[in-house]
Amino acid sequence: PDHKELYRERTQGNKEFFERAKKVTPLGVESNVRHFDPYPIYVNRAEGSYVYDVDGNEYLDFLMALGPKILGHNHPAVTEAVKEQAERADLTATPQVISIELMEKIVDWVPSIEKVRLTNSGSEATMHALRVARSYTGNDKIAKPEGGYGGAHDYLLQSVLADEDALGDEKRPNTVSYGSGIPDQISDLTVAFPFNDKEATEEILREHADDLAAVIIEPVMFSAGCLKPQDGYHEFLRDLTDELDIVLIWDEVMTGFRLAPGGAQERFGIEPDMTTFAKAVGGGYQMAGFGGTADIMNEIIPPDESNAQESWQTTAFHGGTYNGHPVSAAASLKTLEVLEEEDVYADIDRKGELLFDGLQDVIDDVGIPAHVEYIGSAGQVLMMDDDLDGFRDLFGANGDQFNDWFVEAAARGVLFGIPPQGERFFTAYSHTEDEIERALEVAEDAFKAVDH
Ligand code: PLP
């Protein structure tokens, strides 16, 4: 059966818009991951838990902009803060009070961050964090678990997803760049290791220890199917990187300000040396950054503050015209205020349980080979029978069937995780229990439609 028939019927205007968009932008999207088969929906309005497309269709949205919309779309208090700041002062060349206030809050909330700098995206945050770690250690190589996504720059577009054969031995993975256009020399600077495998991780890190600046790792590997750390893995990695003098960077772009006010490090009780964050912190506006111990972050400070411009040539550079944009900072501060004052964390986690456990029940009832992986308010449906123990298990997941399920659900008015890899999806503060109940009914119909 054609699982896209109902979708096509209801989204004719989107199909036309897709053709129009393709004339000016590759594949009709601003960012690769926004595309799915047969064509994406084009949104012209969003509010609370809903987005609306050019055909006037309403969708109950769990994609939540791929993470940032922790309160839901256009939260009135956030929108108001944005308007006020835009009227008071938009971008200036000299630092703004509101951006410094935001950094005070971040240092206050995130346990391991003593000093912080702001960027516009998670990709910029990881790129700069790596430079600072390289400057601090004097080493060039970095290590990352295979299967992790850390941003759209060459250093971390390594061992993200690849042909299974190209990855080589699971205990000693090859480093494989993701897509074309990345020089081989960059791959040579990255060492991949298997997440959760202590023995292999230790062997690889010890072998490269003298050349390694940093280990950069997602505390929960959302980009590898929401792969969770096994007991003791992060403690082990903390001890090992301490012993080997390697900077431990936790990439909390997905987990930061979501799993707890202080992110995964607060939830798990472990302090990395550096942290990157983005998404939830900005409540939908471009806000991200990196921070760490004062000792490491001071790599950015010129040795001679009175002659900074010249002296900067000897330090790790961090700059950006739009860094800490005041309008985004206003959105961010207001988002954090609502998160704190309205006990949002308990609320979204409870809704996460309702949604993700509910989906597992539906899957079990329908009897389709799939299962749900989640933590707190973020999770994912994997079209596979086996448990997820490691990144390579994802090769056993049925991506086509996932795409069909997503499209069948979208045609019925609910957006779960975007294909092809099955991006995670989220519960937001705006979601109600009734909405989650309706989503589960739609999920069931969609599972039944693709179960053959
Ligand atoms: N790191 C992680 C763990 C991510 O999930 C992402 C984005 O999904 C990034 C970094 C890159 O962030 P951005 O898309 O804001 O550049």
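**View 1. The outward and inward sides of helix 4.** On one side of helix 4 in this predicted model, the exposed residues are Val97, Glu104 and Asp108, set opposite the buried ones. The helix runs from residue 97 to 109, and its 13 residues reach 19 Å from first C-alpha to last, close to the 18 Å you'd expect at 1.5 Å a residue. Turn to the buried set and you'll find Ile98, Ser99, Leu102, Ile106 and Trp109. Looking down the axis, these buried residues of helix 4 stay within an arc of 100°, so they line one face of the helix. As for what they pack against, the partners are helix 3 (76-88), strand 4 (115-119), strand 10 (288-292) and helix 13 (326-341).

**View 2. Helix 9 and its two faces.** Helix 9 takes in residues 233-244, which makes 12 residues. From first C-alpha to last it reaches 16 Å, close to the 16 Å expected at 1.5 Å a residue. Its buried residues are His234, Leu237 and Thr241. These cover an arc of only 55° around the axis, which puts them on the same side of helix 9. The face turned away from that buried side carries Asp239, Asp242 and Glu243, which are exposed. The buried residues of helix 9 pack against helix 8 (198-208), strand 7 (212-217), strand 8 (247-252) and helix 10 (263-268). Right after helix 9 comes Asp245, with a positive phi near 55°.

**View 3. Around the ligand.** There are 16 residues around the ligand, and Ser121, Gly122, Ser123, Gly151 and Val253 come nearest. Which helix gives the most to this shell? That's helix 5 (residues 122-137), with 3 residues. By character, the shell around the ligand splits into 7 nonpolar, 7 polar and 2 charged residues.

**View 4. Gly148 and Tyr149 in one loop.** Gly148 sits in the loop between strand 5 and helix 6, and Tyr149 lies in the loop between strand 5 (141-145) and helix 6 (164-167). Gly148 is buried, with 22 other C-beta atoms within 10 Å. Tyr149 is buried as well, with 25 other C-beta atoms within 10 Å. Setting aside neighbours within four places in sequence, Gly148 is in contact with Ile217, Glu218, Met221, Ser223 and Ala224. Tyr149, with residues up to four places away in sequence left out, touches Val160 and Ser223. For scale, the C-alpha atoms of Tyr149 and Leu415 are 22 Å apart, with their positions 266 residues apart along the chain. The C-alpha atoms of Gly148 and Pro38, 110 residues apart along the chain, are separated by 27 Å.

**View 5. Backbone oddities in three loops.** Most residues other than glycine have a negative phi, and most peptide bonds are trans. The peptide bond from Asp37 to Pro38 is cis, with omega near 10°. Pro38 belongs to the loop between helix 2 (12-22) and strand 1 (43-47). Ala65 isn't a glycine, yet its phi is positive at about 60°. You'll find Ala65 in the loop between strand 3 (58-61) and helix 3. Is Ala65 buried or partly exposed? Ala65 is partly exposed, with 17 other C-beta atoms within 10 Å. Phe257, another residue other than glycine, has a positive phi near 60°. Phe257 lies in the loop between strand 8 and helix 10, and it's buried, with 27 other C-beta atoms within 10 Å.

**View 6. Where domain 1 meets domain 2.** The protein chain is divided into domain 1 (5-74 + 343-450) and domain 2 (77-341). Taken over C-alpha atoms, the domain centres are 26 Å apart. Across the boundary, 25 residues of domain 1 are in contact with 29 residues of domain 2. On the domain 1 side that touches domain 2, helix 14 (344-366), strand 11 (371-375) and strand 12 (378-382) each supply at least two residues. Strand 12 gives the most, with 4 residues. This side of domain 1 divides into 14 nonpolar, 7 polar and 4 charged residues.

How values were computed. Residues are numbered from 1 along each chain as its sequence is written. This is a predicted model: local features need pLDDT of at least 70, side-chain atom pairs count only at pLDDT 80 or more; totals for chains, interfaces and linings use all residues. A residue is near a molecule or strand if its C-beta atom, placed from the backbone, lies within 6 Å of it. Ala, Val, Leu, Ile, Met, Phe, Trp, Tyr, Cys and Pro count as nonpolar, Asp, Glu, Lys and Arg as charged, and the others, Gly among them, as polar. Domain bounds come from an automatic or database domain assignment. Two residues are in contact if their C-beta atoms, placed from the backbone, lie within 7 Å. The expected span of a helix is 1.5 Å times one less than its number of residues. A residue is buried if 20 or more other C-beta atoms lie within 10 Å of its own, exposed if 12 or fewer, and partly exposed in between; C-beta atoms are placed from the backbone. The arc is that of the directions from the helix axis to the C-beta atoms.
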